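These are reading notes for a colleague who is opening this entry without prior background. The points below are numbered and can be checked one by one against the display.

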Amino acid sequence: MSQATKRKHVVKEVLEDFVVPSEQQQIVRVLGTPGNNLHEVETDEGTKFLVSMPMKFRKNIWIKRGDFLIVDPIEEGEKVKAEIAFILYKDHMRYLKKEGCWPERFSIDTAEEAAGDKNGDPSTDGKVSPVTEGSGSEEEDDSDLFVNTNRANYVYSESDSSEEESEEKNEL
């Protein structure tokens, strides 16, 4: 199997499959990545330990601080106590909350983050964007596209340089 085909299948599995953790598995939050395909995580009880990323996810899926994972425990590990079984995105979290499998502590944390995003975003200012002609059923939905969450989103604002020059002249 070529690398591109492998990547396609891995990404499809991660984005489309909705799983519920088994009795041995647990949901954890990523705290950091010390390197060497290891990730420091925290359980809903507050226990911190390292998890390893399996070969199928390496160079195909990216994990950042704050992401949620389903992990399988490793019995013989001293420092590395689990292996990543599944990476959870927003749709997966909604599904697990609906199923009643989402840890209560993480529900509180994600609700606070969502409230902070709504209150702290200056670009919206509570305004609703107008609906343009042609939007509706034929509008393309980009929610199913894979997004590299390790990239920072920049917001550029264009200012009219002639306005700035005229203000400077008025001040003089």
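1. A starting point in the sheet. L50 has V80 of strand β5 standing opposite it. The model is a predicted one, and this pair of residues is a convenient place to begin looking. Helix α2 packs on the sheet, where it touches β1 (26–35), β4 and β5. The direction of α2 makes about 100° with that of β5.

2. The chain as a whole. Four helices and five strands make up the list of elements. In sequence order they follow the pattern α-β-β-β-β-β-α-α-α. The chain has 172 residues, of which 25% count as buried. It exposes about 13,000 Å², and carbon and sulfur atoms supply 47% of that area. Among contacts with a separation of 6 or more, 60% come from residues 24 or more positions apart.

3. The barrel. The five strands form a closed barrel in the order β1-β2-β3-β5-β4, and the pairing is mixed. On average, neighbouring strands of this sheet are turned by 55° against each other, with direction ignored.

4. Pairing around β5. Strand β5 covers residues 80–88 and pairs with β3 in the parallel sense, over three bridges. With β4 the sense is antiparallel, and six bridges join the two strands. A hairpin of six residues connects β4 to β5. A82 of β5 is a useful marker here: V51 stands opposite A82, and P73 stands opposite A82 as well.

5. Helix α2. Which residues of α2 are buried? In this helix, residues 90–99, they are H92, M93 and L96. Seen down the helix axis, these buried residues fall within an arc of 100°, so they line one face of α2. An α-helix has 3.6 residues a turn, so residues three or four places apart point the same way. On the other side of α2, K90, R94 and K98 are exposed. After the helix comes G100, with a positive phi near 80°.

6. V41 in strand β2. Strand β2 spans residues 38–42 and contains V41. Is V41 buried or exposed? V41 is buried, and its relative accessible area is 0%. Leaving aside residues up to four places away in sequence, V41 touches V28, R29, V30, L31, T47, K48, F49, V51 and L69. G66 is 25 residues from V41 along the chain, and the C-alpha atoms of the two are separated by 9.2 Å.

7. T43 in the loop after β2. The loop between β2 and β3 (48–52) holds T43. T43 is buried, with a relative accessible area of 2%. Its contacts, again without residues up to four places away in sequence, are Q26, I27, V28, F49, R105 and F106. V28 and F49 also appear among the residues that V41 touches.

8. Aromatic pairs. How many aromatic pairs does the structure hold? There are four. One of them joins F68 and W102 in an edge-to-face arrangement, 5.0 Å centre to centre and with 70° between the planes. F68 lies in strand β4 (residues 68–73) and W102 in the loop between α2 and α3 (104–120), so the pair ties together parts that are 34 residues apart in sequence.

9. Burial of that pair. F68 is buried at a relative accessible area of 4%. W102 is buried too, at 8%. The two belong to one aromatic cluster together with F106. F106 is also one of the residues that T43 touches.

10. A suggested order for viewing. Begin with the barrel order β1-β2-β3-β5-β4, then place α2 over its contacts with β1, β4 and β5. From there, go to the cluster of F68, W102 and F106, and finish with T43, which touches F106 and F49.

How values were computed: Residues numbered from 1 in each chain as written. Predicted model: local features only at pLDDT ≥ 70, side-chain atom pairs only at ≥ 80, totals over all residues. Heavy atoms only, no water. Buried < 20%, exposed > 50% of the residue type's maximum accessible area, 1.4 Å probe, protein only. Arc of directions from axis to C-beta. Contact = heavy atoms within 4.5 Å. Areas by Shrake-Rupley, 256 points an atom, 1.4 Å probe, with all protein chains shown as cover. Phe/Tyr/Trp six-rings, centres within 6.5 Å; stacked < 30°, edge-to-face > 60°. Pairing = 2+ DSSP bridges. Axes fitted to C-alpha atoms, helices over the stretch in contact; angles between N-to-C directions.
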